Every structure is written in C-alpha cells, then in structure tokens.
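User: Could you take a close look at the sheet in chain B for me? I'd like to see how one pair of its strands fits together and what surrounds that pair.

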Amino acid sequence: MTATLTPPRASSSLTAGQLPRWTTPLLVAAAAVVGIVATLLLGGFNAGLAAFFAFVLYQVAIFVASASVEGTRKGFDRLMYGFVVGAFLLALVPLAWLAFTTLLAGLNRFDGQFFTWSMRNIVGEGGGAIHAIYGTLAVTGVATLISVPIGLLTAVYLSEYGQGKALARGITFFVDVMTGVPSIVAGLFAYALMGLVFRPGFVSGFAGSIALSVLMIPVVVRSSEELLRIVPNELREASYALGVPKWRTILKIVIPTAISGIVSGVILAIARIIGETAPLMIASGFTQSINNNFFDGPMMTLPTFVYGQYAYRSLPHEAYVDRAWAGALTLILIVMSLNLIGRIIAKRFAPKTSGR
Amino acid sequence: MSKRIEAKNLDIYYGKFKAVEDVSMVVEPRAVTAFIGPSGCGKSTFLRSLNRMHEVIPGAYVDGELLLDGEDLYGPGVDPVNVRRQIGMVFQRPNPFPTMSIKENVLAGLKLNNKRASKGELDETAEKALRGANLWEEVKNRLDLPGSGLSGGQQQRLCIARAIAMQPDVLLMDEPCSALDPISTLAIEDLIQELKANYTIVIVTHNMQQAARVSDTTAFFNIAGTGQPGKLIEMDSTEKIFSTPSVKATEDYITGRFG
C-alpha cells in the first residue's frame, strides 16, 4: 500500500505567506481584553478608553503580523481595512446610543393614554400627545402636498426643458440658496406672510406647512433633478422614435424610470422636515388641545410638544420629561415607518432589472 | 405601406457646425439601402434627419428638401411627432423600456400614443409584431416578464418588434448589429431580408460584409478631414459599389486601403 502523500508545494514566484483565518478575530479579542485590563489598571473601567486602546493595539499588531508574514502590501491593506471598519463603528456609536436612550426613556410613557389624550387641563402626571401627533401628521402632510408637485415640476423643467437656458440657471442658483436658508427664517417668512394675508399675529397649522414647504421644496427639486438626469437618453430617443410627444415621454417613460429614486428622495425630504421645531414654534404656535381647524388657531406638533414638555416643566418633573421622551420616540417611529413605506413603494415601482 | 424617400441638396447642421453637406439621393421602397463610410462622416446624422430625430439635440437643423412620397418632411407646419410615427427607428444599442414587460414594450408605441384598442386587438398586434421580428417563439411564454431580462440580440429584436408594431412606412436602423454577437447578427440580417417585403429599410453599418449581404443599394459617405462636413460620395446598386465603384475613394474604403 502506498501512502498518498501530497508533496509540499514548491514555492513559486506567485505564492506568498498567508496568515491563518483566525488571526483577525483572535487579535480583536486579545486587543479588547488588553484594552479593558489597561483601563482597569489605570483607575476604573471606561468603555471609550478601552475601545480606543484596543483599536490602536489591534492596528499595530495586525500590521506587524501581516507585514512580516504576508508582505508590506498586505500589511497596509489590513491596516487600512481596520481604519475603515473603525470609522464605520465610530459613526454608528452615536446613532445606536441615541436610538437606545430614546427607546429606554420613551417607553416610560409609551402607553394607551399617551396616544389618546391631549394635554388639555393636564397638570402633572397623565395626559398625552394626540394633539401633537395629529398636528405633526397634518402639518407635514400638507407641506408634502405643497412641495412635491412644485418640486417635481421644477425638476422636470430643469432636466427636460431648461438645459442651458438662463431661467434654468437662475432657478438652480436660487434652489441652492434656498437649501441653505436657516429653518427659523422659513418660520418667520411664513409668519410674516400670514400676517400680511390674514391678520398680524395669525398662527395656524397651515402657516407651519408653508414654512416647512420652504424647507422641503429645494430638497425635492435637487434629488428629483439628479434622478431625472440619470435616466438614459436612449430611452427618451426610443420613445421619440415611436412618435411619442415629449410631454408623454416625460410622463410615461422618464418619470416612471426614475420614480423609485424620486419616492426615496421625497421620503428623505419628509424625514428632514418632520423634526423641524423652530419654524413651527413661530408659525403654528403652542396649544394643549386638539385643534380641528387647520387654517386658524395654534396647532401643536411633536417637536414643539417635546420642547414644550421639557422647557415648561412643573411638578412632578419626571412626568414632563417622560412625556418629552415618549414624544421623541413617537417622532422617530413615524420617520422610521415612513422610510419603510417609502422603501416598499420604491421597490414596487423600481424598473424590472431581471426576469430570466 | 412602404414609401419612397427623396433628399434634395440636404445640409445638416449642429448649431453653426455643418455636419453633412449637399446630399441628394433617392431611397427606394421595398428595398434595403445601406449607408457605409468612416466614423464621423455623417451617415448616422443623415439617417437621424430622415425621421427628424436629430432635432432632439438642441440647435440641430437641416437645410434643403426631404420628401416622403413627395411630401416635404421639413415643410412648414409638419409635426415631427407625426413624421416619427411613419418612420420608425432602431438604435445601435438595444433600449427596451426598463419599466415595462416584453408585451408592454412591443405595444409601447400604441399605448403611449393613447390608441384605443381592445385587449384582443392588442394581443394580436403584439403577436404579429413579435412574429415579424422572429422573437415570438422565444418569448411567447414570458410576455409579462421584463424586457431587460432578454439577451442582447433578443432585446434588439424586441426593439425591432416595437418599431414595426407601429406599422411605419420606413424603418431606419442605426448600426443595429454593432453591439451583437455573430449569431444574433445573423438573426437580425435574416429578419431584414423578410422585412424588406413590406418596408423601406435604411441601415447604417460599419460592417461592409453586412452591407454587401443585406442591401440592394449602397451609399458611401466620406469626410475630407476633421471639422469638415461629410458628403455623399457615391450611391449605386450594392453589386456595383462592391465590384466596380466609379469613385476611387469608394474603392479605397471598401478594399480597406483607407482609414
């Protein structure tokens, strides 16, 4: 019987040393342990400091190990990979922290009463935010209804009709300027406008919608324009060659091809404005009750509710702070569910890419 | 169904730049006319001017007369949209609409132009067009799947089906096989031979063997140098152009001595 021995592979100019696969997890674990021990020795556990120590230690160790076994090119590759992952984790920390804190603190008052009661005649414990939830949905919804048609039509003009025209350049410039308008200025604009049209000191949900539209339109224009521009020209030409008029080509070919991106852009724009506080404090005011008249009288929204609960506390303080957190949690959940709906819509409309 | 095209002293401009100069030619119906010539000589530009597609580029215009069965395509009051409904076009790269299924793609011309038709009529039109483009057998079981899932050659035939579903008088093809493999090319060339019975076909090609194989008449375009306008050098029966061309430049180009 002959032993089937594989002869050791002769080294060629193409082979090089390789670290075993478990090197990275082992080094990460080791660096983490050393980091924690180091902080303990330096006087008490500190997660941030431990993570920093562990990161530096790991980077040095992996670079030295890889460079000596695999060569300097691989060594630098692993080093840079470490930086990239490190930067990603660092960016994730505030996000996770924020979500965790809001969830933890918000759950204290995340109950049935919070979603069924307003703050009318409530002092101290109890009460809810139904008036603010209603206000946020109404104000943001109307702002979206105003902004999306204006923004989308502007984007269609810019990408389909206005190329190279002075008017288009002017619009692009002012859209860019509008993107940089501080939100408080948008609130003052809406307040002043309402003061001129109706009466001085007039506040309403509608005024808030106007203020938010000022902030939302440039975002919608910019994102939609970008997406319309990346629709391949060949599709437009294919449509023209079939004898389809330009307006119908835009309506039936260009916009449907870009619709999933446009929807995502609109959702992002909504997420951007739904948390606006300052313009709504000016344009929509404060109230403790549900306001059924969208066009007159102050209307509460979730951001102003959170601010109001926190800023104007009376006893017991915890009740107010808990309500503020629950309001913040509700707002985050609304934005998240909007994102989810947007993704579903985008997926439904997305160009069909495969079908073999 | 099939119409004759006549160009008289046609100049084509992109803004101030004159791309094609003084072209006069007759494109006969129920025949295949091929345009050959080096890159940039204006053959695609001339082709696109035949259904007023070059106007899509801002600043482009033509000077001269272009007659479709005696009617001036560039006459006052002529709507380019109506011109394009009669003169269909197939492009270099297959471009099915990504948002539509195979069937919707074929019927796109009808649907987008808001033609009223019953479901039965539409199905019939789609089948006829797909059969006409030799694609029916391959796709009849997946008409509702996206057109972008087909292979390149199938996509190109889908685009041809889309063009002939409109029942145009003339079919323009701008290098329809340059992005395809030899087998798909053969399928398209066979198809061109069949379509010839009903349509006026004009094809631009860089492949001289292809021009020799499929066309009845060949037009050779050339350009004097960069920045100069392209010109029609010679137009004759394909047989004559490829055996005994009357102009030296044509012979040089065809035998590969040029460029």
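Analyst: Let's start with one rung of the ladder: B:Leu10 has B:Val23 in E2(B) as its bridge partner. Keep in mind that this is a predicted model. That rung belongs with strands E1 (residues 5–14) and E2 (residues 17–27) of chain B, which run antiparallel and are joined by seven bridges.

Now zoom out to the sheet. It's an open one with 10 strands in chain B, and the pairing is mixed. Reading across, the order goes E5-E4-E1-E2-E10-E9-E3-E8-E7-E6, so to speak from one rim to the other. At the rims you'll find strand E5 (71–72) and strand E6 (87–90) of chain B, each pairing on one side only.

Then there's the helix that packs on this sheet, H1 (residues 43–50) of chain B. Among the strands H1 touches are both members of our pair, E1 and E2. Its other contacts are E3 (32–36), E4 (60–68), the edge strand E6, E7 (170–174), E8 (200–204) and E9 (217–223), again in chain B. As for orientation, the direction of H1 makes about 150° with that of E8(B).

Stepping outside the sheet, chain B also meets chain A: 26 residues from chain B and 24 residues from chain A take part in the contact. On the chain A side, helix H9 (233–241) and helix H10 (246–274) each supply at least two residues. H9(A) gives the largest share, seven residues. By type, that side of chain A splits into 10 nonpolar, eight polar and six charged residues.

Technical notes. Residues numbered from 1 in each chain as written. Chains lettered and ligands numbered in written order. Predicted model: local features only at pLDDT ≥ 70, side-chain atom pairs only at ≥ 80, totals over all residues. Contact = placed C-beta atoms within 7 Å. Helix = DSSP H or I, 4+ residues; strand = E, 2+ residues; numbered from the N terminus. Nonpolar A, V, L, I, M, F, W, Y, C, P; charged D, E, K, R; others polar. Pairing = 2+ DSSP bridges. Axes fitted to C-alpha atoms, helices over the stretch in contact; angles between N-to-C directions.
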